[in-house]
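Me: I'm new to this one and keep tripping over the vocabulary. Could you show me the structure and walk me through the labels?

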Amino acid sequence: MAHDVHTHVKSNIEFEYARRRAANEMRGQVTTFAIMIFLTLIAFTMVLAGFSAYLVIPFILLLAAIQVVLQLYYFMHMSHKGHETATLFLYSGALIAAITVLTFLTVVWL
């Protein structure tokens, strides 16, 4: 069985390509993390500034939705190739959840 083992030695070009790709991915993750920290600071600032709850709550929910999308794409690697099926199921579930919430809100308010 040991004779079936194949090893692949990367050339310098392959190694440099992998290193640059990893560096770009890390840069994207750090940038996304900084954006999410900034969005969180905005939310805390709005609450501490004493804005109306009718303004703060929808705005915080919007910021939370933005952070969920950023986390899915950059930290869960949904922007990479080969994740199309998982993305389809995730968006389908989000659509069904949004329709369900909208339905319940409509039933309660009418």
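Reply: Sure. Helices (H or I, at least four residues) and strands (E, at least two) are DSSP runs, numbered from the N terminus. Gln 67, for instance, lies in helix α2. A word on the source: this is a predicted model, where local features need pLDDT of at least 70 and side-chain atom pairs count only at pLDDT 80 or more, while totals for chains, interfaces and linings use all residues. Residues are numbered from 1 along each chain as its sequence is written, and side-chain values use heavy atoms, with hydrogens and water left out.

Me: Why is Gln 67 called buried?

Reply: Buried means under 20% relative accessible area, exposed is over 50%, and partly exposed is in between (1.4 Å probe, protein chains only). Gln 67 has a relative accessible area of 16%, so it is buried.

Me: And what makes the link between Gln 67 and Thr 40 a polar contact?

Reply: The rule asks for a pair of N or O atoms within 3.5 Å; within protein, one must be able to donate a hydrogen and the other to accept it, and residues adjacent in sequence count only if both atoms are side-chain atoms. The side chains of Gln 67 and Thr 40 are joined at 3.1 Å, so the label fits.

Me: Which residues is Gln 67 in contact with, leaving aside its neighbours within four places in sequence?

Reply: Met 36, Leu 39 and Thr 40, where contact means heavy atoms within 4.5 Å. With the same neighbours left aside, Leu 39 is in contact with Leu 63, Ile 66, Gln 67 and Leu 70.

Me: How do you know that the length of α2 agrees with its number of residues?

Reply: The expected span of a helix is 1.5 Å times one less than its number of residues. For the 23 residues of α2 (residues 53–75) that gives 33 Å, and the end C-alpha atoms are 31 Å apart, so the two agree. For α1, 38 residues should span 56 Å, and its end C-alpha atoms are 55 Å apart, which agrees as well.

Me: What sits at either end of α2?

Reply: Ser 52 caps the N-terminal end, with a side-chain oxygen 3.2 Å from the backbone nitrogen of Tyr 54. Just after the helix, His 77 takes a positive phi of about 60°.

Me: What do the buried residues of α2 pack against?

Reply: They pack against α1 (12–49). In α2 the buried ones are Val 56, Leu 63, Gln 67 and Leu 70.

Me: What makes a set of residues a nonpolar core?

Reply: They must be buried Ala, Val, Leu, Ile, Met, Phe, Trp, Tyr and Cys residues joined through side-chain atoms within 4.5 Å. Here the largest such core has 5 residues: Met 36, Leu 39, Ala 43, Leu 63 and Leu 70. α1 gives the most to this core, with 3 residues.

Me: Why do Arg 19 and Glu 16 count as a salt bridge?

Reply: A salt bridge needs a side-chain nitrogen of Lys or Arg within 4 Å of a carboxyl oxygen of Asp or Glu. Arg 19 and Glu 16 meet at 3.0 Å, N to O, so they qualify. The structure holds 1 salt bridge. The two residues are 3 apart in helix α1, so about one helical turn separates them.

Me: Are those two buried or partly exposed?

Reply: Arg 19 counts as partly exposed because its relative accessibility is 46%. Glu 16, at 30%, counts as partly exposed too.
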